[in-house]
Amino acid sequence: MTARKLYTAGITGTGMSFPDKVLSNADLEKMVDTNDQWITERTGIKERRIVEPGTPASVHGIKAARQALATAGVSPEEIDFIVVPTVTPDMLFPSTSCIIQDALGCKNAWGYDLLAACSGFIFALQSACAQVESGAVKKALVIGTEVMSSILDFTDRDTCILFGDGAGAVVVERLDDDRVGLIDHIHHIDGEGAKFLYQRGGGSLHPATHETVDAKLHFVHQAGREVYKYAVKGMASITREILDKNGIQGSDVKLFVAHQANLRIIEHVARRVGLSEEQVAVTNHRFGNTTSATIPSALHIYQEQGTLEPGDLVVLCAFGAGFTWGATLLRWTA
Ligand SMILES: CC(C)(COP(=O)(O)OP(=O)(O)OC[C@H]1O[C@@H](n2cnc3c(N)ncnc32)[C@H](O)[C@@H]1OP(=O)(O)O)[C@@H](O)C(=O)NCCC(=O)NCCS
């Protein structure tokens, strides 16, 4: 269902922040039974960034948000709303959005954290855009930030090679020009997928105990092959759906920014939708899967390198634990 829009919302600034410390495939070879060739061929990932132990998600979230504010030319006091998609908040409460709001000095903002795993950024972008389109707020920050290393088992080769830490952020504003900005969003959830990708410990079902720690319930667990199949199917069909619904040909799309979990998934989806290599954003060789940070950081990278110009059609697409998935169609404004 599409809500009635009173105003147009668009992304007016982007930012990102990654830890300095690089964890390469060669480093992982020394930690688990894996090798650079396997990781590269199966995922496209060459290296990822990892925080120093004890660094919370807010640290890189704050840096990415500062950069997004600077590129948008917006002051912290002008922000009305902050949404932080994350599966690795600093703590369960207070929310990481409160911690970031305080650090940035966004004195006039309200906000919350949003949990939709790897779809978190596009779900949060929808929340921010809906607030702006309804007239409830004028300027919002969406900050995807993760410390995936805090929930990874570095003895489990099935998962520890896939993820990295980092943050990406965007400023969303009410626009005067309705020929650009957010055009459409489609989202789905399906709890049937809950059994394939999860972190069971630490919630009300399995509060932290010595037993939950011993049973490794506080780490990410994934049935990779299953998730792969659902991800390709879900991302391809939702991308096709949002293009068809809006009467857009694949060739009209300037940039397809899919969640950067796995290069094979991205290429598979792009092929099914009929997009060429030049239309597809790829950053996972540098950063791995940073969950809610992959899409905003990719937008920042492609904006900075001059690929994106105002008016360009951009499609965002993600798939994650839940299962959650969705797509966003926009004309670039930053
Ligand atoms: C995880 C993933 C990369 C694994 O790739 P895959 O091609 O499915 O590989 P499989 O799990 O089938 O394993 C193939 C073989 O490699 C082995 N293997 C698994 N992990 C390995 C590793 N890190 N290094 C070396 N070998 C590994 C397996 O044991 C298996 O060996 P076998 O054939 O002798 O049994 C892939 O399934 C994937 O990307 N899934 C989706 C992940 C994702 O996107 N998650 C986030 C969603 S938001």
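This is a dialogue about the pockets and the ligand of one predicted model.

Trainee: Where should I begin with the pockets, and what volume does the largest pocket have?

Mentor: A pocket can be read through its volume and then through the residues that line it, and here the largest pocket has a volume of about 890 Å³. Its lining is made up of 34 residues, and those that lie nearest the centre are Val87, Leu115, Ile151, Tyr198 and Gln199. Strand E5 (110–114) and strand E9 (197–198) are the elements that give two or more residues to this lining.

Trainee: How do the residues of that lining divide into nonpolar, polar and charged?

Mentor: In the largest pocket, the lining divides into 19 nonpolar residues, 11 polar ones and four charged ones.

Trainee: Which pocket is the space taken by the ligand?

Mentor: The ligand takes the space of the second largest pocket, which has a volume of about 730 Å³. That pocket is lined by 30 residues, with Leu162, Gln222, Gly224, Arg225 and Asn262 nearest its centre, and by class the lining holds 15 nonpolar, nine polar and six charged residues.

Trainee: Which elements supply at least two residues each to the lining of the second largest pocket?

Mentor: They are helix H2 (36–43), helix H6 (157–160), helix H8 (224–245), helix H9 (263–273) and strand E12 (313–320), and the largest share, six residues, comes from H8.

Trainee: Turning to the ligand, how many residues surround the ligand, and which are the closest?

Mentor: The shell around a ligand is read from the ligand outwards, and in this model 22 residues surround the ligand, the closest being Thr34, Arg42, Gln222, Arg225 and Asn262. H2, H6, H8, H9 and E12 each supply at least two residues of this shell, and H8 gives the most, with four. Sorted by class, the shell has eight nonpolar, eight polar and six charged residues.

Trainee: Which residues have polar atoms placed beside an oxygen or nitrogen atom of the ligand?

Mentor: Such pairs are read one by one, with attention to whether the protein atom belongs to a side chain or to the backbone. In the side chain of Asn262, an N or O atom is 2.6 Å from an oxygen atom of the ligand, while a polar side-chain atom of Arg157 lies 2.9 Å from a ligand oxygen atom. For Gly224 the polar atom belongs to the backbone, and it is 2.9 Å from a nitrogen atom of the ligand.

Trainee: How much of the ligand does the protein bury?

Mentor: Burial is read against the area that the ligand exposes when taken alone, which here is 950 Å², and the protein buries 75% of that.

Technical notes
Residues are numbered from 1 along each chain as its sequence is written. This is a predicted model: local features need pLDDT of at least 70, side-chain atom pairs count only at pLDDT 80 or more; totals for chains, interfaces and linings use all residues. Side-chain values use heavy atoms; hydrogens and water are left out. On a 1 Å grid over the protein atoms alone, a cavity is a set of points where a 1.4 Å probe fits but cannot get out, and a pocket is an open set with protein on both sides within 12 Å along at least five of seven lines; lining residues have an atom within 4 Å of a point. Grid points are joined across faces, edges and corners, and a volume is the space filled by probe spheres set on the points. Ala, Val, Leu, Ile, Met, Phe, Trp, Tyr, Cys and Pro count as nonpolar, Asp, Glu, Lys and Arg as charged, and the others, Gly among them, as polar. A residue is near a molecule or strand if one of its heavy atoms lies within 4 Å of it. A polar contact is a pair of N or O atoms within 3.5 Å; within protein, one must be able to donate a hydrogen and the other to accept it, and residues adjacent in sequence count only if both atoms are side-chain atoms. Accessible areas come from the Shrake-Rupley method with a 1.4 Å probe; for residues, only the protein chains shown count as cover. A molecule sits in a cavity or pocket if more than half of its atoms lie within 2 Å of its grid points.
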